[in-house]
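Trainee: Please take one part of this model and look at it closely with me, and then follow it outward to its surroundings.

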Amino acid sequence: MTDFAASDLETIYPAPSPRVIAKARPGIDAHAKKFIAMSPFCVLATSGSDGSVDASPRGGNPGFVHVAGPNQLVMPDRSGNNRIDSFRNIVEGSGFVQLIFFVPGIDETLRAGGRGKLSADPDLLASMVEFGKLPRAALVVSVSEAYFHCGKALMRSKLWSQESRVERAVLPSIAEVIHDQTSLGEPESQAMVEARYREQL
């Protein structure tokens with residue numbers, strides 16, 4: 001194992017091209033806006049006051065993250081595990097967030113980053129009813145940078161390929177896994193877990 005310094009990295013990797021640098025835009029342009037409107041899934045990354053990092057999956061109908069302007073995104077918060085690690089990081093940590101948006105069938109992804117704050121404004125929440133429910137809060141992101149990632153990572157993984165799909169039955173249900181790990185809760189079947197999920201969307 002080797003300890004690397006920043007200067008060592010330059011001996012391994014060439015400098016990024018001017019095009020790679022220039023593609024990082026200071027806000028959400030028309031292309032990014034369209035991509036976000038098609039995206040049903042993203043990953044939210046936040047950093048805590050102790051330097052820890054959290055990455056959390058978020059999903060909804062395509063466009064569930066709203067583009068409120070060239071420098072503002074609004075994401076409704078839906079029912080989850082109530083750990084609220086991401087939100088704790090935002091209110092107690094650096095406040096910096098990064099989002100990576102995915103669109104099924106498209107290998108390119110979109111990254112958007114900036115500072116986040118939480119809102120429970122009733123009018124804002126009322127504008128984001130989904131699955132028949134109000135969100136409990138909303139994340140408002142002041143975007144300072146957005147850019148598209150090339151599709152090589154998803155192409156290597158064959159993420160959208162039918163041939164790469166695995167049958168859910170190859171793993172126990174999440175309830176069975178957690179019961180094995182903790183002896184807490186009920187070891188529900190996958191069908192029972194999915195039925196409960198649908199009720200809680």
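Mentor: What follows is a walk around helix H4 (residues 85-92) and its neighbours. The model is predicted, so local features need pLDDT of at least 70 and side-chain atom pairs pLDDT 80 or more, whereas totals for chains, interfaces and linings use all residues. Residues are numbered from 1 along each chain as its sequence is written, and side-chain values use heavy atoms, with hydrogens and water left out.

Helices and strands are DSSP runs (H or I of at least four residues, E of at least two), numbered from the N terminus. In H4, Ser86, Phe87, Asn89 and Ile90 are buried, where buried stands for under 20% relative accessible area, exposed for over 50% and partly exposed for values in between, with a 1.4 Å probe and protein chains only. Viewed down the axis of H4, the buried residues fall within an arc of 155 degrees (taken from the directions from the axis to the C-beta atoms), so they line one face of the helix. The face turned away from that buried side carries Val91 and Glu92, which are exposed.

The buried residues of H4 pack (contact being heavy atoms within 4.5 Å) against several strands, including E1 (41-47), E2 (53-59) and E5 (96-102). E1 has alternating side chains: Cys42, Leu44 and Thr46 point to one face and are buried, while Phe41, Val43, Ala45 and Ser47 point to the other and are not. E1 pairs with E2 in the antiparallel sense over seven bridges (pairing requires at least two DSSP bridges), with Phe41 opposite Gly59 of E2. These two strands form a hairpin with five residues between them, and Gly51 in its turn has a positive phi of about 90 degrees. E1 also pairs with E5, again antiparallel, over six bridges, and there Phe101 is the bridge partner of Cys42.

Returning to H4, Asp85 forms a salt bridge with Arg83, the closest N and O atoms being 2.7 Å apart; the term covers a side-chain nitrogen of Lys or Arg within 4 Å of a carboxyl oxygen of Asp or Glu. Asp85 is partly exposed because its relative accessibility is 26%, and Arg83, at 53%, counts as exposed. In the loop between E4 and H4, Arg78 belongs to a pair that links distant parts of the chain, its partner Glu130 lying 52 residues away in the loop between helix H5 (122-126) and E7. Their side chains meet in a salt bridge at 3.2 Å, N to O, and both ends are buried, Arg78 at 15% relative accessibility and Glu130 at 9%.
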